[in-house]
Amino acid sequence: MPAIHVFSEIGKLRRVIVHRPGREVENLTPAIMKRLLFDDIPYLPIAQKEHDALVRILQENGAEVLYLEQLTSQAIAAGRIKSAFLEKNLQEAGQASGAIHDALKEYLLSLDTDRMVSKLIEGVRKNELDVKADDLVSAVDDPHYPFYIDPLPSMYFTRDPQASIGEGLTINRMTFAARQRESMFMETVTKYHPSFARGDFSVWRNRDHQTHIEGGDELILSDHVLAIGISQRTCAAAIQDVAKKLFVDSGQSHFDTVIAIKIPENRAMMHLDTVLTMVNFDQFTVHPGILDAGGKIDTWTMHPADNAQGLTISYSQDLKSVLKNALGVSELDLIPTGAGDLITAPREQWTDGSNTLAIVPGVVVTYDRNYVSNALLQHHGIKVIETVSSELSRGRGGPRCMTMPLIRDDI
Ligand SMILES: NC(=O)NCCC[C@H](N)C(=O)O
């Protein structure tokens with residue numbers, strides 16, 4: 001089996017990457033949480049129990065669960081790149097030189113590799129180091145700001161900084177500074193981890209770009225169709241770039257259809273998978289808030305073409321018929337989040353009621369708190385496995401956001 005094989009949203013989940021929330025979450029404070037993309041501070045011991053419960057569900061249903069920080073640590077050991085990985089992190093964390101850089105480097109290199117990787121995720125507080133500010137960079141450092149290296153509290157949403165597509169992946173340039181370092185971990189894994197050493201996968205797009213794309217916007221609808229959200233986090237230029245790459249490498253990619261779907265740019269609906277997820281061959285959850293009064297939404301479908309752009313584009317506002325055509329199904333069941341109720345729909349969408357993780361066709365993992373959406377899914381014939389969600393949901397992501405499939409069975 002190649003290192004990556006994901007040709008659907010719903011094929012049986014076989015191997016998946018997660019990150020158990022750690023002390024980075026306890027490094028949030030009201031003063032910095034907004035910038036670090038949190039609306040509240042999760043209670044870590046409960047968040048960890050909830051995450052362990054999610055992992056157990058995945059394992060009990062036949063998935064191998066891998067932890068991103070362990071893969072990173074193993075990759076660093078295999079590539080003997082501890083110092084280089086640290087240096088790159090320090091640079092991207094804004095500590096490229098000077099006394100603070102030197103003190104951080106000495107401190108972090110003194111830790112074993114597992115601990116160093118965890119620490120780069122948790123963040124480094126100023127009171128952990130005794131720095132003699134004998135250079136200008138260090139002298140002008142704001143003494144009231146508590147961190148030398150910011151925490152990465154969104155790290156447990158492993159779906160976003162990297163996303164599998166077919167037998168390859170995108171390693172993403174993240175939109176906000178708060179998450180930009182996150183994709184460095186998977187970049188390192190793909191370059192140095194023994195499981196990726198055969199090179200039997202493609203990097204459709206790496207993190208060295210100026211335009212942004214995030215995995216929450218990247219949906220694999222079938223073995224030849226992708227849907228990608230134009231959103232707060234993903235722009236048209238990046239989508240077109242991915243489409244061209246997939247079309248040009250069609251021998252390897254199989255993908256001949258990319259549907260760009262424009263969703264509102266706001267915090268609640270930051271990625272396509274917060275408002276639309278696939279739960280079965282012909283069934284999706286959809287948040288009614290993305291459709292206008294006539295049930296319309298802007299979509300552009302791209303196919304490969306022998307022209308200057310390398311692709312054709314067709315526009316439509318009829319999401320249902322666009323999806324039906326692309327998937328070759330005669331009927332499509334769009335199941336509204338919160339049963340489409342004026343209050344329940346936005347409330348349950350806020351806690352990721354639309355963010356389902358399919359583990360086989362027609363079986364999804366969802367947060368238990370979204371009980372109206374869950375009941376409706378069941379009413380539509382979907383088997384719903386509920387997972388506990390009081391604290392995890394405070395990070396604004398659900399079961400799909402917390403899981404990055406590496407291998408799914410073909411359907
Ligand atoms: N795919 C997703 O919707 N991921 C959730 C990301 C939540 C994180 N706190 C963020 O704002 O980026």
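**Notebook: the ligand site and the neighbours of α4**

I began at the ligand, where a backbone N or O atom of Gly395 lies 2.9 Å from a nitrogen atom of the ligand. A note to myself before going on: this is a predicted model.

**Entry 1, around the ligand.** I looked up which residues surround the ligand and found 16 of them. The closest are Leu37, Asp160, Arg179, His271 and Cys401. His271 has a polar side-chain atom 2.8 Å from an oxygen atom of the ligand. I also checked Arg233, and a polar side-chain atom of this residue sits 2.9 Å from an oxygen atom of the ligand. With Gly395 I had to look at the backbone, and its partner is a nitrogen atom of the ligand.

**Entry 2, α4 with α9.** Next I turned to helix α4, residues 82-92, and helix α9, residues 183-192. Their axes come within 11 Å and cross at roughly 155°. Angles over 145 degrees count as roughly antiparallel, so that is how I logged α4 and α9. I noted the crossing as right-handed. From α4, the contact uses Phe85, Lys88, Asn89 and Glu92, and from α9 it uses Met184, Phe185, Glu187 and Thr188. Sorting these residues by class, I get three nonpolar, two polar and three charged.

**Entry 3, α4 with α6.** How do α4 and α6 pack, and at what angle? I read an angle of about 10°, with the axes 12 Å apart; α6 covers residues 113-122. The angle makes α4 roughly parallel to α6. Lys82, Phe85, Leu86 and Asn89 of α4 meet Thr113, Met116 and Leu120 of α6. In this contact I listed four nonpolar, two polar and one charged residues.

**Entry 4, α4 with α5.** My last stop was helix α5, residues 98-109, which packs with α4 at about 140°, the axes being 11 Å apart. Because of that angle, α4 is oblique to α5. I wrote the crossing down as right-handed. On the α4 side I found Lys82, Ser83, Leu86, Glu87 and Leu90. On the α5 side I found His101, Leu104, Lys105, Leu108 and Leu109. The classes here come to five nonpolar, two polar and three charged.

**Looking back over α4.** Phe85 is in my list for the contact with α9 and again in the one with α6. Asn89 likewise appears with α9 and with α6. Lys82 and Leu86 turn up in the contact with α6 and in the contact with α5.

Terms used. Residues are numbered from 1 along each chain as its sequence is written. This is a predicted model: local features need pLDDT of at least 70, side-chain atom pairs count only at pLDDT 80 or more; totals for chains, interfaces and linings use all residues. Side-chain values use heavy atoms; hydrogens and water are left out. Axes are lines fitted to C-alpha atoms, for helices over the stretch in contact, and angles run from 0 to 180 degrees between N-to-C directions. Angles under 35 degrees count as roughly parallel, over 145 as roughly antiparallel, 65 to 115 as roughly perpendicular and the rest as oblique. A crossing is left-handed if the near helix is turned anticlockwise from the far one by less than a right angle, and right-handed if clockwise. Contact means heavy atoms within 4.5 Å. Ala, Val, Leu, Ile, Met, Phe, Trp, Tyr, Cys and Pro count as nonpolar, Asp, Glu, Lys and Arg as charged, and the others, Gly among them, as polar. A residue is near a molecule or strand if one of its heavy atoms lies within 4 Å of it. A polar contact is a pair of N or O atoms within 3.5 Å; within protein, one must be able to donate a hydrogen and the other to accept it, and residues adjacent in sequence count only if both atoms are side-chain atoms.
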